[in-house]
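Here's a quick walk through one model, pocket by pocket and helix by helix. Have the sequence and the 3D view open as you read.

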Amino acid sequence: MITVEEYKQLKAFARLDGAMLGVIMCVTFFAFVASLSNTAWQMAYMIGVIAVPVFVAFRVRNYRDNIVKKRVSFRRAAAYSMHCFGYSSLILAIVMYVYFQYFDHGMMLASLRSYFDTPEMQEAMKIYGVKKSLFEDQLTVMSSLRPIDVAFSMISNTLFAGLACSLLIAVISRRTPRVVTENRN
């Protein structure tokens, strides 16, 4: 069981790491938006998706090794990781709200529609037996969402995915911290 001071410390460091994670998530979101019109951005989007849990794992390890300086419990590592995802989801939701409210004006949905109309995507849908009407229905539903709905949806999606990642990261991160030894000659 951690003390109140240790919990405050955990939240303070998680806020900083969550802010950095939020920036990474925002850059990843904008890479996704750019990838809809320029396929060169797809690699940046994929790297961003992979970078998110890797970044959190490194920050949990940093917290364990440099702040706590002792073995952390599963619950403490999971709490730190989950706090990071929680704070970053708020930043991402705010950025997405501003983007969809003031800048997008239906561009993302139009890009998705044109993406599903490409010959490659049409062929892929035939191979997998997916009907085009399914995508049309989903895009119609998406077009009826308000920017605030998208932002709240992103918060819940990020927290759910963050919970799954946090449990895995906590299992990996609860071992004894690395000790840096000084070389005295």
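## The second largest pocket

Let's start with the second largest pocket, where α3 is the top contributor to the lining, giving three residues. Keep in mind throughout that this is a predicted model. The elements that put two or more residues into this lining are α1 and α3. If you want to pick the residues out on screen, the lining is made up of M1, I2, Y7, L10, S73, R75, R76 and A79.

How much space lies in the second largest pocket? About 200 Å³. Sorted by class, its lining comes out as five nonpolar residues, two charged and one polar.

## The largest pocket

Now for the largest pocket, which holds about 850 Å³ of space. It has 30 lining residues, and those closest to the pocket's centre are F29, L92, M96, M154 and N157. Several helices chip in here: α1 (4-37), α2 (42-68), α3 (74-104), α4 (107-116), α6 (132-143) and α7 (147-173) are the elements that supply two or more residues to the lining.

Which element gives the most to this lining? That would be α7, with nine residues. As for chemistry, the lining of the largest pocket counts 20 nonpolar residues, eight polar ones and just two charged.

## How α1 and α2 pack

Next up is a helix pair. The axes of α1 and α2 come within 8 Å of each other, and they cross at roughly 170 degrees. Anything over 145 degrees counts as roughly antiparallel, so α1 is roughly antiparallel to α2.

What sort of residues make up the contact of α1 with α2? By class, there are 16 nonpolar, five polar and three charged.

## Aromatic pairs

There are nine aromatic pairs in the structure. Take F116 and F135: the ring centres sit 4.2 Å apart with the planes at 25 degrees, so this pair is stacked, the cut-off being under 30 degrees. F116 belongs to helix α4 and F135 to helix α6, so the pair ties together parts that are 19 residues apart in sequence. Are these two buried or exposed? F116 and F135 are both buried.

Elsewhere, four residues join up in one aromatic cluster: F29, F30, Y99 and F100. F29 has come up already, as one of the residues closest to the centre of the largest pocket.

## Two residues to click on

First, find L167 in helix α7. Its relative accessibility is 40%, and because that falls between the 20% and 50% cut-offs, L167 counts as partly exposed. Along the chain, L167 and M82 are 85 residues apart, yet 8.7 Å is what separates their C-alpha atoms.

Then look at V27, which is in helix α1. With a relative accessible area of 54%, V27 is exposed, since the cut-off for that is over 50%. V27 and L159 are 132 residues apart in sequence, and their C-alpha atoms are 18 Å apart in space.

How values were computed. Residues are numbered from 1 along each chain as its sequence is written. This is a predicted model: local features need pLDDT of at least 70, side-chain atom pairs count only at pLDDT 80 or more; totals for chains, interfaces and linings use all residues. Side-chain values use heavy atoms; hydrogens and water are left out. On a 1 Å grid over the protein atoms alone, a cavity is a set of points where a 1.4 Å probe fits but cannot get out, and a pocket is an open set with protein on both sides within 12 Å along at least five of seven lines; lining residues have an atom within 4 Å of a point. Grid points are joined across faces, edges and corners, and a volume is the space filled by probe spheres set on the points. Helices (H or I, at least four residues) and strands (E, at least two) are DSSP runs, numbered from the N terminus. Ala, Val, Leu, Ile, Met, Phe, Trp, Tyr, Cys and Pro count as nonpolar, Asp, Glu, Lys and Arg as charged, and the others, Gly among them, as polar. Axes are lines fitted to C-alpha atoms, for helices over the stretch in contact, and angles run from 0 to 180 degrees between N-to-C directions. Angles under 35 degrees count as roughly parallel, over 145 as roughly antiparallel, 65 to 115 as roughly perpendicular and the rest as oblique. Rings of Phe, Tyr and Trp (its six-membered ring) pair if their centres lie within 6.5 Å; planes under 30 degrees apart count as stacked, over 60 as edge-to-face and the rest as tilted. Buried means under 20% relative accessible area, exposed over 50%, partly exposed in between (1.4 Å probe, protein chains only).
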